[in-house]
Structures are given as structure tokens and as C-alpha cells.
Amino acid sequence: MSAHADPDASGRFVSLRSLNDRGEAFDERDGDPGTPRLEARDIVFEYTAGTRVLDGWSAEFPAGSMSALTGPSGRGKSTLLYLLGLMLHPASGAILVDGESVAGMRDAQRARLRASRFGFVFQDAALDQTRTVIDNVTETALYRGEAKRDIRDRALELLDRFGVDVPPDRKPGQVSGGQAQRIALCRALLNAPAVLLADEPTGNLDPATSVLVVEAMRDHARTGAAVIVVTHSPEVAAACDAEIRL
Ligand SMILES: Nc1ncnc2c1ncn2[C@@H]1O[C@H](COP(=O)(O)OP(=O)(O)OP(=O)(O)O)[C@@H](O)[C@H]1O
Ligand SMILES: [Mg+2]
């Protein structure tokens with residue numbers, strides 16, 4: 001794969017080219033091959049007036065690519081994932097999904113887009129503590145109207161693939177941090193999202209399990225998704241098509 005990143009003088013703009021040259025079978029989500037799956041244009045964001053976390057940040061994330069977001073603690077990586085995941089709104093600038101800006105969308109439309117096209121693995125996993133492990137994994141997929149048995153079987157396969165060897169009817173309060181992260185990744189992958197955003201998904205994992213998780217995200221990118229991973233790990237960043245430093 002001849003992917004490459006071209007940071008500009010400020011190191012903030014990154015574009016990727018020639019990403020879909022392996023001839024993989026992309027699914028119907030593929031739009032115009034020249035249009036990035038996800039794009040950020042000149043994003044400005046501040047939590048409190050006068051303190052900018054992002055000051056004109058731009059990047060493109062093509063279909064079929066896996067990108068690493070790296071940078072020191074507190075620099076704004078999680079904030080950026082929330083913006084890219086349509087959970088926060090920029091003060092100015094635009095987020096485009098398959099070439100379409102979400103700025104003019106109503107909240108309900110944006111929420112639908114997020115539910116149907118986005119998968120999110122939060123830094124703290126954010127599992128529903130009142131539901132079992134298996135119900136956490138399947139909860140969003142069930143809304144999509146697929147057969148319950150099929151969803152459950154696929155969820156169990158994913159948990160097994162990542163070595164989450166806890167009883168599926170256990171509550172998240174009784175699993176480790178690394179297991180919780182993998183459960184959250186299973187939940188995200190089960191929906192086959194066009195955009196997968198993962199916040200330090202290998203942060204609590206041993207090296208062998210990290211490799212499994214990175215391979216799974218790579219496999220997911222090959223289906224035509226844009227995968228964006230926040231990481232402090234040089235190994236994970238090196239496994240990506242591009243590293244974007246904040
Ligand atoms: N809800 C919030 N309200 C106000 N400021 C916030 C909020 N969340 C984060 N910040 C601030 O915004 C900046 C960016 O935080 P963010 O969580 O995006 O960093 P990060 O790069 O993900 O850090 P880490 O590597 O530690 O996870 C930090 O200065 C942080 O203190
Ligand atoms: Mg963070």
C-alpha cells in the first residue's frame with residue numbers, strides 16, 4: 001500500500017493518497033473514490049473562551065486507511081476524536097463525511113448518521129455498567145433490526161477473537177480495564193462502522209493482545225472504513241498508514 005502523509009509547514013494538514021490500490025472488495029458504502037471518508041477542515045475548538053484546544057486543524061481520512069493520532073497528554077487528541085465523531089461541535093471549520101458537511105444537519109440527523117456510520121471506542125471504554133458484557137456488545141447492533149441470534153453469535157466470536165475470556169453474562173464492573181477496552185472495541189466493530197474512532201484502544205493491553213487489536217482494526221479498514229486511532233504507542237503508530245502528530 002503506497003499511503004503517505006504530507007504534513008505542511010505547521011505539520012497540521014495531512015493528506016493520504018493511493019490508498020485503495022490493493023483491489024480489496026469495498027462494500028456499498030464506497031462513494032467517489034476521490035472523496036475522503038472523513039475530513040476535517042480548519043477546525044477551531046475551545047472548551048472555555050480564549051483557550052483554544054484546536055486552532056485551524058485539517059486532515060483527510062480516506063476509505064480503507066488507518067491513521068494514528070499521537071501527541072503529548074492534554075494536547076487535544078480525545079477532543080479531536082469527539083469532534084471527528086460528531087459529539088462536539090467546532091467553533092468554526094467543518095467535518096465532512098463522504099464529502100458532505102455535517103454543519104447544516106439537525107441534531108437528530110447527526111445522531112442518526114453517528115449511529116449508522118460511526119463506531120467509537122472511548123478512552124475509558126464507557127460500558128453500560130447495568131448491562132452484561134454480551135448485552136453491551138450487542139446493544140447498538142440490536143437497534144438495527146438484525147436477528148438477535150446472529151448478532152449474539154458474532155459478538156461472541158469477536159470477544160473470543162480478542163481473548164476476552166470472561167463469562168458473557170458478567171457485569172463490566174467485574175472485568176479488567178484492558179478487557180473493558182476490548183469489549184468496547186467489539187461493540188464498535190459489530191456495527192461495521194464506516195468510520196472507526198478508537199481512543200488508546202491498546203493502552204491497557206499486553207503486546208500480544210495489542211497486536212490482535214491492531215490487526216482487527218487493519219482488517220476493518222480493508223472493508224473500506226476509515227480507522228483513526230489515538231495512541232501513545234510507537235508500534236501502533238508504525239502499523240498505521242499515516243501518523244498525525246498533535
Ligand atoms: N470537558 C472539558 N472542559 C474543559 N477543558 C477540557 C475538557 N476536556 C478536556 N479539556 C482540556 O482540553 C485539553 C485537551 O484534552 P484532551 O482530553 O483532548 O487531551 P488528550 O490529548 O486526549 O490527553 P491524554 O493523552 O491525556 O488523553 C486539555 O488541556 C484538557 O485539560
Ligand atoms: Mg485523551
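**Figure 1. Helix α5 in the predicted model, a mostly covered element**. Of the 14 residues of α5, 13 are buried. The helix comprises residues 177–190, and its end C-alpha atoms lie 20 Å apart; this agrees with the 20 Å that 14 residues should span at 1.5 Å a residue. Just after α5, A192 adopts a positive phi of about 45 degrees. For the wider setting of this view, the secondary structure of the protein amounts to seven helices and nine strands, and buried residues account for 41% of its 246 residues. Among contacts in the protein with a separation of 6 or more, 70% involve residues 24 or more positions apart.

**Figure 2. The parallel sheet of five strands**. The strands of this open sheet follow the order β6-β7-β8-β3-β9, with parallel pairing. Strands β6 (118–121) and β9 occupy the edges, and each has a single partner strand, so one side of each is left without a neighbour in the sheet. On average, neighbouring strands of the sheet are turned by 15 degrees against each other, direction ignored. Strand β8 (residues 226–230) runs parallel to β3 and is joined to β3 by four bridges; the bridge partner of A68 in β8 is V229. Helix α6 (residues 207–222) packs on this sheet and touches β3, β7 (195–199) and β8. The direction of α6 makes about 150 degrees with that of β8.

**Figure 3. The edge strand β9 and its pairing with β3**. Strand β3 (residues 66–70) pairs with β9 in the parallel sense over four bridges. Within this pairing, L69 has I244 of β9 as its bridge partner. Which residues of β9 (residues 242–245) are buried, and which are not? The side chains alternate along the strand: A242 and I244 are buried and point to one face, whereas E243 and R245 point to the other face and are not buried.

**Figure 4. The antiparallel sheet of four strands, with helix α1 lying across three of them**. This open sheet has the strand order β2-β1-β4-β5, and its pairing is antiparallel. Its edges are formed by β2 (51–61) and β5 (100–101); each has a single partner strand, so one side of each is left without a neighbour in the sheet. Strand β1 (residues 38–48) and β2 run antiparallel and are joined by eight bridges. In this pair, E39 stands opposite E60 of β2. Helix α1 (residues 77–84) lies across β1, β2 and β4 (92–97), and runs at about 120 degrees to β1.

**Figure 5. The surroundings of ligand 1**. The residues around ligand 1 are Y47, V53, G71, S73, G74, R75, G76, K77, S78, T79 and Q123. Helix α1 provides the largest share of this shell, with three residues. By class, the shell divides into two nonpolar, seven polar and two charged residues.

**Figure 6. M87 in the loop between α1 and β4**. M87 has 16 other C-beta atoms within 10 Å and is therefore partly exposed. The C-alpha atom of M87 is separated by 8.7 Å from that of A111, a residue 24 residues apart from M87 along the chain.

Definitions and conventions: Residues numbered from 1 in each chain as written. Chains lettered and ligands numbered in written order. Predicted model: local features only at pLDDT ≥ 70, side-chain atom pairs only at ≥ 80, totals over all residues. Pairing = 2+ DSSP bridges. Helix = DSSP H or I, 4+ residues; strand = E, 2+ residues; numbered from the N terminus. Contact = placed C-beta atoms within 7 Å. Axes fitted to C-alpha atoms, helices over the stretch in contact; angles between N-to-C directions. Buried ≥ 20, exposed ≤ 12 C-beta atoms within 10 Å, placed from the backbone. Near = placed C-beta within 6 Å. Nonpolar A, V, L, I, M, F, W, Y, C, P; charged D, E, K, R; others polar. Expected span 1.5 Å × (residues − 1).
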